[in-house]
Amino acid sequence: PQAVAVGAGDIGSEIIWARTPYGLTALKTDNNTLRYLTWESETDRIACKWLINLQFQGELIWASTETHIVLLTVRNGQIAVKSKYSAKELLQTESDICEIHYANNYLYIRTHDGCYRLPITGNQLKKVPPIYTNFHSISARIPSFTSGEFIVSPKGNLWCAYSPSSPTVHL
């Protein structure tokens, strides 16, 4: 298994999220022991097999595939899908999701050509036209198709790196 992230669980415990050949799994720490959490639905477990980019909003977990955003929760000792959103519907484009980042009640979604920002109210993504930044329009030096990493600072500044040999671009 490959450890993916550690998130909050019930009071006094943590949940370790790991990727295995069978998909995403979670282990709850409890009195110095680890206990596997089961999925509420086998269909959801299979559908969530390729989730990446776990982002924690309290006890909620935002994750993505190339084509969907998924909101997970742990309830009654089981992993459950709370909501699922189509990237095509949310972003109003055919672009694949490369990475997501949660900060300050926004979900930032990085694609190969830019970054989208969607507001979160409570525990739901607002289905409004997203704020979009096309990387190539910021500077002609940035290729129209990129892959790389991005982070959002506590002040809401978006930083993207698109190759090891090129400078980081602040948006």
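## Cores and hairpins in a predicted model

Of the 17 residues in the largest nonpolar core, those that touch the most other members are Trp62, Ile69, Leu107, Ile109 and Leu125; a nonpolar core is here a set of buried Ala, Val, Leu, Ile, Met, Phe, Trp, Tyr and Cys residues joined through side-chain atoms within 4.5 Å. At least two residues of this core come from each of strand 6 (60-64), strand 7 (68-75), helix 2 (87-91), strand 9 (99-103), strand 10 (106-110) and strand 11 (114-121). Apart from this core lies another, of 15 residues, among them Trp39, Leu54, Ile61 and Ala63.

The model is predicted, and local features need pLDDT of at least 70, side-chain atom pairs count only at pLDDT 80 or more, and totals for chains, interfaces and linings use all residues. Residues are numbered from 1 along each chain as its sequence is written, while side-chain values use heavy atoms and leave out hydrogens and water.

The protein chain has three helices and 16 strands, which are DSSP runs numbered from the N terminus (helices H or I, at least four residues; strands E, at least two). Of its 171 residues, 43% count as buried, where buried means under 20% relative accessible area, exposed over 50%, and partly exposed in between, with a 1.4 Å probe and protein chains only.

Leu125, one of the core residues named above, touches Trp62, Ile69, Tyr85, Leu90, Leu107, Leu118, Pro119 and Ile120, not counting residues up to four places away in sequence; a contact means heavy atoms within 4.5 Å.

Strand 6 and strand 7 pair in the antiparallel sense over five bridges, pairing being assigned if DSSP finds at least two bridges between two strands. Three residues form the hairpin connection from strand 6 to strand 7, and Ala63 has Val70 in strand 7 as its bridge partner. Strand 7 is also joined to strand 8 (78-86), in an antiparallel arrangement with eight bridges, and here Val74 stands opposite Ile79 in strand 8. The hairpin of strand 7 and strand 8 has two residues between the strands.

Two asparagines with a positive phi, in each case in a residue other than glycine, are set out below.

| Residue | Loop | Phi | Relative accessibility |
|---|---|---|---|
| Asn76 | between strand 7 and strand 8 | near 50° | 76%, exposed |
| Asn104 | between strand 9 and strand 10 | near 50° | 45%, partly exposed |
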